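Colleague: Could you walk me through this one? I would like to hear the reasoning behind each label.

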Amino acid sequence: MKAFGYTPALAQALSGLPEAQPDWQAARIVRVERNQYLLETASGPREGVWPAGRRHKLLDVPVIGDWVACSGAADTPDEPLRIEAVLDRQNTFIRSVLKGRRTQPQVLAANVDTVLIVTSPLDWDLERLERYVQAVQLSQAQPVILLNKTDEVRSSLERWTDAGLDAPVLPISAAAGQGLDALAEWLAPGRTAALIGSSGVGKSTLTNALLGQELSRAGDVSDLTGEGRHTTTWRTLYPLPLDGPGRGALLIDNPGLRDIAVWDEEGAAFWAIEELAADCRYSRCTHGREPGCAVQAAVARGELDAALVDLYREQQAVQEAPRRNPRDKRRR
Ligand SMILES: Nc1nc2c(ncn2[C@@H]2O[C@H](COP(=O)(O)OP(=O)(O)OP(=O)(O)O)[C@@H](O)[C@H]2O)c(=O)[nH]1
Ligand SMILES: [Mg+2]
Ligand SMILES: [Zn+2]
């Protein structure tokens, strides 16, 4: 498991869980497809289940890259292990998603040191890349932009590499295996990198190039028709070989994203209010003067800023109105 980044601190985090049992073991989540998990344990890969119906907060659901505590008998290797708890995360790479009228966080990956934002000359969109960079920085990970498919470019690459983004832009060709040595600065044993970017920019092709074999399914048919494309629909964490350009690092291949909305401080603050609101007496509580309002109670206890609650209520009021709040568009 050391190859997957296991540290003594994680062992301590496991034994320090108040409800920990002697037979619990640590594992890293190396594959997530809907609610099915594949775990890497001290004795190799095992299936894992996150018991359905368990009461939990949205951010407590295990995601790719997480270290978890599991229970399950070692003598029944065919039975999935039961995921009991997520161990303290070093960081979380979060985006903001719109669910109905509400913005909520979606954790794309946990415990990632570097996020490799993959783009290509055709996919290039400066403002979208700025949003990616900002989201990565807010997640306390290092952003690196990979300009892929440069084998298709004849002109100078400066208009992309010198675009003024707050992250290095490395020209590569995943298909031809070019430029990959430049990644060495961010890849090392025990370090985790995650690939993100639009569908079809070459994330799985790059994964295969760094693995030195075809494990991650990548497309090989026209980008234009989309026919026969092996678009990735699950998230997988791969240990990269030590003797290649991936230098023994861990790499997460993700499905393509259309765009990213930044999960900023305001998003996080509003989310905290919505979590409190679950305990309000009335389900349609506006957090004004209703009795039994958990939000106002938190304000009274000094745990929540009253001005923030006012801002939140104003926004909710705008959103309740028939005309859509222009913020929604921006955040989508
Ligand atoms: N010319 C060229 N084509 C590439 C390169 N890298 C990937 N491609 C092609 O781009 C297409 C999409 O590649 P994938 O690796 O499947 O893209 P992806 O980012 O994993 O896509 P999703 O899984 O849908 O998010 C395939 O047809 C690849 O052969 C490259 O460096 N140069
Ligand atoms: Mg893919
Ligand atoms: Zn309330």
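**Metal sites and a helix**

Modeller: Happily, and bear in mind that the model is predicted. Along the sequence, the donor residues of the zinc ion (ligand 3) follow the spacing C-x4-C-x1-H-x5-C. The donor atoms are C280 (SG), C285 (SG), H287 (ND1) and C293 (SG), at 2.1 to 2.4 Å from the zinc ion.

Colleague: What makes the site of the zinc ion (ligand 3) tetrahedral?

Modeller: The angles among its 4 donor atoms are 103 to 117°. Four donors count as tetrahedral if all angles lie between 85 and 135 degrees, so the label applies. For reference, the ideal angle for four tetrahedral donors is 109.5 degrees. Of the donor residues, H287 and C293 are both buried.

Colleague: Which residues coordinate the magnesium ion (ligand 2)?

Modeller: S204 (OG) and T232 (OG1) do, at 2.0 to 2.1 Å. They join distant parts of the chain, 28 residues apart: S204 belongs to helix α4 (residues 203–211), while T232 sits in the loop between α4 and β12 (235–239).

Colleague: Why is S204 called buried? And why T232?

Modeller: Buried means under 20% relative accessible area. S204 has 8% relative accessibility, so S204 counts as buried. T232 has 13%, so T232 counts as buried too.

Colleague: How do you know that the span of helix α5 (residues 265–277) agrees with what it should be?

Modeller: The expected span is 1.5 Å times one less than the number of residues. With 13 residues, α5 should span 18 Å, and its end C-alpha atoms are 18 Å apart, so the two agree. The buried residues of α5 are G267, A269, F270, W271, I273 and E274.

Conventions
Residues numbered from 1 in each chain as written. Chains lettered and ligands numbered in written order. Predicted model: local features only at pLDDT ≥ 70, side-chain atom pairs only at ≥ 80, totals over all residues. Heavy atoms only, no water. Donors = N, O, S within 2.8 Å, 3.2 Å for Na, K, Ca; no water. Helix = DSSP H or I, 4+ residues; strand = E, 2+ residues; numbered from the N terminus. Buried < 20%, exposed > 50% of the residue type's maximum accessible area, 1.4 Å probe, protein only. Tetrahedral: all angles 85-135°; square planar, octahedral: opposite > 155°, others 65-115°.
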